[in-house]
Amino acid sequence: MLLLPTDNFYPMENNGEWYVVVNPHAGSGKTSREWISASEMMSSRGIPFVCNETGCKLHATEMAYTAAEEGYRKFIAVGGDGTVHEVLSGLACAIGDAIRNSADVKLSDFYLAVIPIGSGNDWIKSHGIRHDISTVIDLIDRHSFSLQDIAKVTILESLHENGSLSRTVPGPFTYMLNIGGTGLDAKVCERVNLQKSQGKRSRLLYVNSLIYNLIHHKSSKVRVECDGTVVYEGDCLSIAFGIGQYSGGGLRQTPDAVTDDGLLDYTIIPKITFADVLRYGPALFDGTFSKVPVLTVGRCRSVVVTPLSGDMVPVEVDGEVLGSLPVRIDVLPQKINVLHAGQYGSTSMTM
C-alpha cells in the first residue's frame, strides 16, 4: 500500500513503548477475547504498551505508518500472518518516505513481534516460535530478536506504443516478510481468502484449495530472470519466492530458505503430470521439496517474472493477492529486527 509522505516523522523512539495492533477479526473473531489475557500477561511483566484495534482491511498498515511517524519503534501484531504483513508494509512505507525527506532512520531501528492468534501463523515457524501466547510474551519480555530480510514486491505495468510493448513501469507494491508466489501458488491463496471471507475456517482450507486448483488450474508461459540472468522460460505451473520456509499451514515450498542471508529462495514448478503431483507432493511436507528433480530452484537478490502469453497470472505476497504478472521482487539492503527463538536464523540477539 502506497501512503503519502508527510513532514512529521520523529526519529527518536517513543518512550520505549510497544505499539500493539490488534486485528479483532483474526482467528474466527477470538482475537479480542484472547488479547485480554495476553495484555494482562504483558502488564504483569511490566512491558509498556499502547494498543489499537483495526477496523477494516489495510487499517493495520495505516496505523503502523502513523505510529512510526510518531516515533514508535517497537511493534506487536496481534493476529495472523496477514496482520503481520500489513504492519510491516506500514513500517516500510513510513521508513521510505522518511528517508526521502532526509530523516535519519533505518529499518534496523524497528522491532516487530507477533502474538499469534489468527488462523494462519506460518512466518513464526522459521523463527522457532511456538503458537503459544505465554511463550511469545516471554520472548518479548527477554527482548529475544534477530535481524531478518524483507523484500519489496512491485507489480510492473506495461506501456504500449503503436500497439507494441515499449517498456514497463513500477505499479502497486508491497513488502514481503515470508513467502510470495505466482501461478498455482497465488490461485490457492485467492481461493483460501475467498472462503475465509465467507466465514469458513479450517486448518485444511489451504490443502483443500491446493487440491482443487491442481485439478482446475492450467500452466502459463513465463520468463524468470534472477539477478539479470534468465533461469527459466516456458510453461510454468507455479513459482514460490521465500524469505521464510513455511506457508499454507506448514507446507514448505522453499524449505532451505534462510531468513537473514540477504537472498530470496525460489522454487519453479514446470507443467507436470498428475502422476508427478502424486509422486512428489509429499515432499512439500517433509522439507525435501527443493530436491525434487523436475523443479528449478535457486537463490537470488532480485527476480523479475514476465508473462509470455495473454494469461492473467496472479501474484500473492504473504498470502494476499497483490495483482498480476509481470512482477519484480527485490531483497532490501537493510534488515528488520523480528521476534526469534533461535531455530533457523543464523544470527540472533537477546537484549
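This passage walks through a predicted model of a single protein chain, from its overall make-up to a few individual residues.

A good place to begin is the chain as a whole. Its secondary structure amounts to 8 helices and 16 strands. The chain has 351 residues, and 53% of them count as buried. Its accessible surface is about 15400 Å², with 52% of that area belonging to carbon and sulfur atoms. Sequence separation offers another view of the fold: when contacts between residues at least 6 apart in sequence are considered, 74% of them join residues at least 24 apart.

Among the helices, α2 makes a helpful first stop. This helix spans residues 59-69 and is mostly covered, with 8 of its 11 residues buried. The buried residues are A60, T61, M63, A64, Y65, A67, A68 and E69. What lies over them? The cover includes three strands, β1 (18-22), β2 (49-53) and β3 (74-79), together with the helix α3 (81-100). Just after α2 comes G71, which takes a positive phi of about 110°.

A second helical region brings together α1 (residues 31-44) and α4 (residues 133-141). These two helices pack at an angle of about 35°, and their axes are 10 Å apart. Their crossing is right-handed. On the α1 side, the contact is made by E34, A38, M41 and M42, which meet I133, S134 and I137 of α4. By character, the residues of this contact divide into 5 nonpolar, 1 polar and 1 charged. The spacing of some of these positions can be read against a general property of helices. An α-helix has 3.6 residues a turn, so residues three or four places apart point the same way.

The cysteines are the next topic. The structure holds 0 disulfides. C226 is accordingly in no disulfide, and the nearest cysteine sulfur, belonging to C300, is 3.8 Å away. That distance is not within 2.5 Å, the cut-off for a disulfide, so the C226 and C300 sulfurs do not count as a pair. C226 is buried, with a relative accessible area of 6%. Another cysteine, C93, is buried as well, at a relative accessible area of 4%.

Two residues that both touch P270 show how distant parts of the sequence come together. D235 has its place in strand β9 (residues 229-242). Is D235 buried or exposed? With a relative accessible area of 28%, D235 falls in between and is partly exposed, because buried means under 20% and exposed means over 50%. Although D235 and P270 are 35 residues apart in sequence, their C-alpha atoms are 5.9 Å apart in space. Leaving out residues up to four places away in sequence, D235 touches S219, S220, K221, P270 and K271.

V294 is the other residue in contact with P270. V294 lies in the loop between α8 (283-286) and β11 (296-300), and is partly exposed at 31% relative accessibility. V294 and P270 are separated by 24 residues in sequence, with a C-alpha to C-alpha distance of 7.3 Å. Besides P270, V294 is in contact with I272 and Y280, neighbours within four places in sequence being set aside.

Finally, some details of the backbone deserve a look. Most residues other than glycine have a negative phi, and most peptide bonds are trans. Against this background, which residues have a positive phi without being glycine? S102 is one of them, with a phi near 70°, and D227 is another, with a phi of about 50°. S102 is found in the loop between α3 and β4 (111-116), where S102 counts as exposed at 68% relative accessibility. D227 sits in the loop between β8 (220-226) and β9 and counts as partly exposed, its relative accessibility being 47%.

The peptide bond between L325 and P326 is cis, with omega of about 10°. P326 is located in the loop between β14 (320-324) and β15 (327-339).

Technical notes: Residues numbered from 1 in each chain as written. Predicted model: local features only at pLDDT ≥ 70, side-chain atom pairs only at ≥ 80, totals over all residues. Heavy atoms only, no water. Helix = DSSP H or I, 4+ residues; strand = E, 2+ residues; numbered from the N terminus. Buried < 20%, exposed > 50% of the residue type's maximum accessible area, 1.4 Å probe, protein only. Contact = heavy atoms within 4.5 Å. Areas by Shrake-Rupley, 256 points an atom, 1.4 Å probe, with all protein chains shown as cover. Axes fitted to C-alpha atoms, helices over the stretch in contact; angles between N-to-C directions. Left-handed = near helix turned anticlockwise from the far one by under 90°. Nonpolar A, V, L, I, M, F, W, Y, C, P; charged D, E, K, R; others polar.
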